[in-house]
Amino acid sequence: MKNIILGAGASGLFLASLLDDSLVIEHNNEIGKKIKISGGGKCNITNKFVNPSNYKGDHDFIKRALQNFNNQDLLKWLKKNNLKVQELKPNQYFFSSSKVLLNFFKKKVKNVLLNTEILDVEENKVITNKGEFKAKNIIVSTGGISFKSLGASGIGYEIAKKMGHNIISLKPALVGFTVQKEEFWFKKLSGISVFSEVYVENKKFRDNVLFSHRGITGPAILNASLWWARGKIKVDFLAGRKVDKFLKNKERIISTQLPLPKRFVKEFLKVIGVDDKKVKFLRKSEFEKLKKINCYEFAPAGTFGFEKAEVTKGGVDTNEIDEFMRSKFNKNIFFIGEVLNVTGELGGYNFQWAFTSAFNAFRFLSR
Ligand SMILES: Cc1cc2nc3c(=O)[nH]c(=O)nc-3n(C[C@H](O)[C@H](O)[C@H](O)COP(=O)(O)OP(=O)(O)OC[C@H]3O[C@@H](n4cnc5c(N)ncnc54)[C@H](O)[C@@H]3O)c2cc1C
């Protein structure tokens with residue numbers, strides 16, 4: 001066998017669909033389990049705008065990889081294979097169902113060994129619970145450790161470590177935040193969503209935040225979790241509109257005057273110690289306190305963890321990986337997809353990376 005691909009996920013299946021001579025090994029009883037449920041069952045495959053700045057990782061490494069296979073190349077590949085996508089959310093491309101992509105892979109990738117646990121890699125040998133398999137090239141596409149329920153395991157990192165690779169610390173990302181006691185009021189608002197601007201590091205995300213019984217989540221928070229390491233994040237619950245604008249010279253009580261869910265405003269007022277009264281009775285000091293709605297700062301206690309995280313940030317250090325996604329320590333071993341230290345924001349960037357990295361390995365493997 002020329003190539004053995006470890007894992008029948010997004011990156012492994014794409015690579016296998018391009019190569020003539022490959023065997024895919026997968027421990028699930030079907031291929032692409034994550035693809036199936038991704039994007040709410042419609043798989044958000046890519047984005048109209050893909051830039052290294054949408055990723056956490058080495059931007060030069062990501063830029064070079066994208067130069068060989070970017071979002072336009074992926075869209076062209078989809079078109080060529082008659083796989084229709086639609087812009088269901090602004091700039092984000094989805095299938096009518098993830099099954100469109102899965103069925104394509106099922107047809108195209110025939111040489112797959114399912115129900116087979118990868119245990120180790122030694123030189124050019126893959127050791128599994130069903131025996132050993134030899135190949136010229138071994139491509140590690142076993143993903144991250146998020147969502148174990150879908151088959152995730154740490155085997156890719158173990159293989160890399162054994163070869164002497166550095167693993168950038170693994171953390172859950174695209175995940176909700178648990179909160180400290182000062183923010184326990186979030187939990188009382190479980191189910192309420194507020195269109196906000198969330199600031200973290202030097203990033204700003206304009207989207208919904210969703211209060212939950214565990215803390216806070218929703219797309220803006222999921223994105224923030226990719227960039228958050230420790231310390232505070234800031235939320236503007238009015239998404240850039242100044243609170244004064246809604247209150248100056250107004251008649252009604254605060255909770256009906258602000259364009260936000262009433263239950264949210266009432267809880268927020270309790271937190272800042274202001275009564276829900278007619279705007280004209282607000283004292284200057286109370287008015288000042290209300291401005292916090294534009295810049296509420298809090299330090300998350302942590303995250304909802306790997307089991308709820310859409311991706312794993314960190315991974316195999318790309319300083320030790322060449323332009324073909326090949327290990328600089330072992331020229332017959334390749335790493336593609338999420339196992340690498342490249343993690344995208346929400347919006348199709350992670351599938352784009354899975355395909356981009358696989359294509360860069362293909363450039364070498366197809367020679
Ligand atoms: C709920 C959810 C929704 C998502 N939605 C989107 C989205 O809409 N758009 C987007 O861009 N990204 C999305 N993502 C992220 C995206 O799915 C991943 O980034 C992407 O699948 C990574 O591709 P990969 O090939 O590196 O790994 P994976 O697709 O995770 O594939 C790894 C494969 O390796 C197999 N494997 C692991 N260990 C072993 C072992 N020891 N033996 C045998 N097989 C093994 C796994 O079973 C799996 O099939 C979502 C993730 C989740 C969890």
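User: Let's start with asparagine 91. Is asparagine 91 buried, partly exposed or exposed?
Analyst: This is a predicted model, and in it asparagine 91 sits in the loop between strand E5 (86-89) and E6. Its relative accessible area is 26%. Buried means under 20% and exposed means over 50%. Since 26% falls in between, asparagine 91 counts as partly exposed.

User: And what is the phi of asparagine 91, roughly?
Analyst: Asparagine 91 isn't a glycine, yet its phi is positive. The value is about 70°.

User: Glutamate 123 has a positive phi too, of about 50°. Is glutamate 123 buried or exposed?
Analyst: Look for glutamate 123 in the loop between strand E8 (118-122) and strand E9 (125-128). Its relative accessibility is 67%. The cut-off for exposed is over 50%, so glutamate 123 counts as exposed.

User: Now tyrosine 93. Is tyrosine 93 buried or exposed?
Analyst: Tyrosine 93 belongs to strand E6 (residues 92-94). Setting aside neighbours within four places in sequence, tyrosine 93 is in contact with several residues, including Cys43, Ile45, Leu75 and Val85. Its relative accessibility is 14%, and the limit for buried is under 20%, so tyrosine 93 is buried.

User: How far apart are the C-alpha atoms of tyrosine 93 and glycine 39?
Analyst: Along the chain, tyrosine 93 and glycine 39 are 54 residues apart. In space, their C-alpha atoms are separated by 9.9 Å.

User: Which element gives the largest share of the largest nonpolar core?
Analyst: That core has 69 residues, and among the members touching the most others are Ile45, Trp77 and Phe355. Phenylalanine 355, for one, is in contact with Phe14, Leu74 and Leu101, among others further than four places away in sequence. The largest share of the core is ten residues, and they come from H13.

User: How many residues are in the other core?
Analyst: This other core lies apart from the largest one. Its members include Ile216, Ile233, Val265 and Tyr296. The count is 46 residues.

User: Is asparagine 350 buried or exposed?
Analyst: Asparagine 350 lies in helix H13. Leaving out residues up to four places away, asparagine 350 touches Leu174, Val311, Thr343, Gly344 and Glu345. With a relative accessible area of 19% and a cut-off of under 20%, asparagine 350 is therefore buried.

User: What about the ligand? Which residue has a polar backbone atom 2.7 Å from an oxygen atom of the ligand?
Analyst: There are 33 residues around the ligand, and those that come nearest are Ser11, Glu26, Ser153, Glu338 and Phe351. Lysine 34 has a polar side-chain atom 3.1 Å from a ligand oxygen, while histidine 27 has a backbone N or O atom 3.2 Å from a ligand nitrogen. The contact at 2.7 Å belongs to phenylalanine 351.

User: What percentage of the ligand's area does the protein bury?
Analyst: Taken alone, the ligand exposes 1000 Å². The elements giving two or more residues to its shell are helix H1 (10-18), helix H2 (33-41) and helix H13 (349-365). The protein buries 95% of that exposed area.

User: How many residues of the shell around the ligand are polar?
Analyst: Eleven residues of the shell are nonpolar and five are charged. The polar ones number 17.

User: Zooming out, what percentage of the protein's residues are buried?
Analyst: The protein has 13 helices and 22 strands, and its C-alpha trace spans about 80 × 40 × 35 Å along the principal axes. Of its 367 residues, the buried ones make up 54%.

Notes:
Residues are numbered from 1 along each chain as its sequence is written. Side-chain values use heavy atoms; hydrogens and water are left out. A residue is near a molecule or strand if one of its heavy atoms lies within 4 Å of it. A polar contact is a pair of N or O atoms within 3.5 Å; within protein, one must be able to donate a hydrogen and the other to accept it, and residues adjacent in sequence count only if both atoms are side-chain atoms. Accessible areas come from the Shrake-Rupley method with a 1.4 Å probe; for residues, only the protein chains shown count as cover. Helices (H or I, at least four residues) and strands (E, at least two) are DSSP runs, numbered from the N terminus. Ala, Val, Leu, Ile, Met, Phe, Trp, Tyr, Cys and Pro count as nonpolar, Asp, Glu, Lys and Arg as charged, and the others, Gly among them, as polar. Buried means under 20% relative accessible area, exposed over 50%, partly exposed in between (1.4 Å probe, protein chains only). Contact means heavy atoms within 4.5 Å. A nonpolar core is a set of buried Ala, Val, Leu, Ile, Met, Phe, Trp, Tyr and Cys residues joined through side-chain atoms within 4.5 Å.
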